[in-house]
Amino acid sequence: HYSTARDMALLTAECLTREELVTVLSTREVTIGSRTMTNHNKLLWNYEGCIGGKTGYTLLAGRTLITCAQREGQRLVAVTLNDGNDWADHTALLDYGFSSFPAETVIRAGETVVDLPVTGSLTRFVPVTAAETVRYPLCEGEELTARYDIPDTMAAPLVQGQKVGR
């Protein structure tokens, strides 16, 4: 099997959507019976916000290191393949990512997006609020334009918490 650093980053990002896998990746040490197993990812101990990753080695591929770190709700993944200085390079890559691409808040959970007209109701408008906080990484000088996919009007009855757009 062959893979790329990008493939490994995408696979890791998908794994990070599953909290049970995040728990496994971030476990520093576990004892099962009389055997204690220690995670070999040094950045779990030495990098602020590191939540794990995967170390590996094969003769053909050399050293592989995947690291994920989280700060202020933003998760970054660094991948190096056959890197002789991977621990230092991951620290530098993650530092660069957090400092150069800080996540900006687009909208906060509960914030009103629009007051939506409602037909067939005594209430003429209902507030449409964001179900969750949305953040997006931007580099210096970039501007973000948010676009909402919400109908122009809705017909009653509506139920509180009902999803009406994205």
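Let us start with a definition: a residue is buried under 20% relative accessible area, exposed over 50%, and partly exposed in between, using a 1.4 Å probe and protein chains only. The model is predicted, so local features need pLDDT of at least 70 and side-chain atom pairs count only at pLDDT 80 or more, while totals for chains, interfaces and linings use all residues. Residues are numbered from 1 along each chain as its sequence is written, and side-chain values use heavy atoms, with hydrogens and water left out.

**Exercise 1. Find the surface patch that holds Val30 and Ile32, and place these two residues.**

Step 1: Recall the rule. Patch members have over 30% relative accessible area and no salt bridge; like charges are joined within 9 Å, and nonpolar side chains (Val, Leu, Ile, Met, Phe, Trp, Tyr) within 5 Å.

Step 2: Apply the rule. Val30, Ile32 and Met37 make up a nonpolar surface patch, and together they have about 240 Å² of accessible area. Such areas come from the Shrake-Rupley method with a 1.4 Å probe, and for residues only the protein chains shown count as cover.

Step 3: Place the residues. Helices (H or I, at least four residues) and strands (E, at least two) are DSSP runs, numbered from the N terminus. Val30 lies in strand S1, residues 29-32, and Ile32 lies in strand S1.

Step 4: Check exposure. Ile32 is exposed at 54% relative accessibility, and Val30 is partly exposed at 36%.

**Exercise 2. Explain why a search of the whole structure finds zero disulfides, taking Cys50 and Cys68 as the case to check.**

Step 1: A disulfide needs a pair of cysteine sulfur atoms within 2.5 Å.

Step 2: The closest cysteine sulfur to that of Cys50 is in Cys68, at 7.5 Å, which is too far for a bond.

Step 3: Turn to the surroundings. Cys50 is buried at 11% relative accessibility, and Cys68 is buried at 1%.

**Exercise 3. Describe the largest nonpolar core and the elements that build it.**

Step 1: A nonpolar core is a set of buried Ala, Val, Leu, Ile, Met, Phe, Trp, Tyr and Cys residues joined through side-chain atoms within 4.5 Å.

Step 2: The largest one has 11 residues, including Cys50, Leu65, Trp87 and Phe98.

Step 3: Two or more residues each come from helix H3 (43-46), strand S4 (62-71), strand S5 (74-81) and helix H4 (86-100). H4 gives the largest share, three residues.

Step 4: For background, nonpolar side chains tend to be buried together in soluble globular proteins.

**Exercise 4. Count the salt bridges and work through the pairs of Asp86 and Asp149.**

Step 1: A salt bridge puts a side-chain nitrogen of Lys or Arg within 4 Å of a carboxyl oxygen of Asp or Glu. The count comes to four.

Step 2: Asp86 pairs with Arg63, with the closest N and O atoms 2.8 Å apart. Asp86 is in helix H4 and Arg63 in strand S4, so this bridge ties together parts that are 23 residues apart in sequence. Asp86 is buried at 3% relative accessible area, whereas Arg63 is partly exposed at 37%.

Step 3: Asp149 meets Arg166 in a salt bridge, at 4.0 Å from N to O. Asp149 sits in the loop between strand S9 (134-137) and strand S10 (154-155), and Arg166 in the segment after S10, so the pair links parts 17 residues apart in sequence. Asp149 is partly exposed at 47%, and Arg166 is exposed at 69%.
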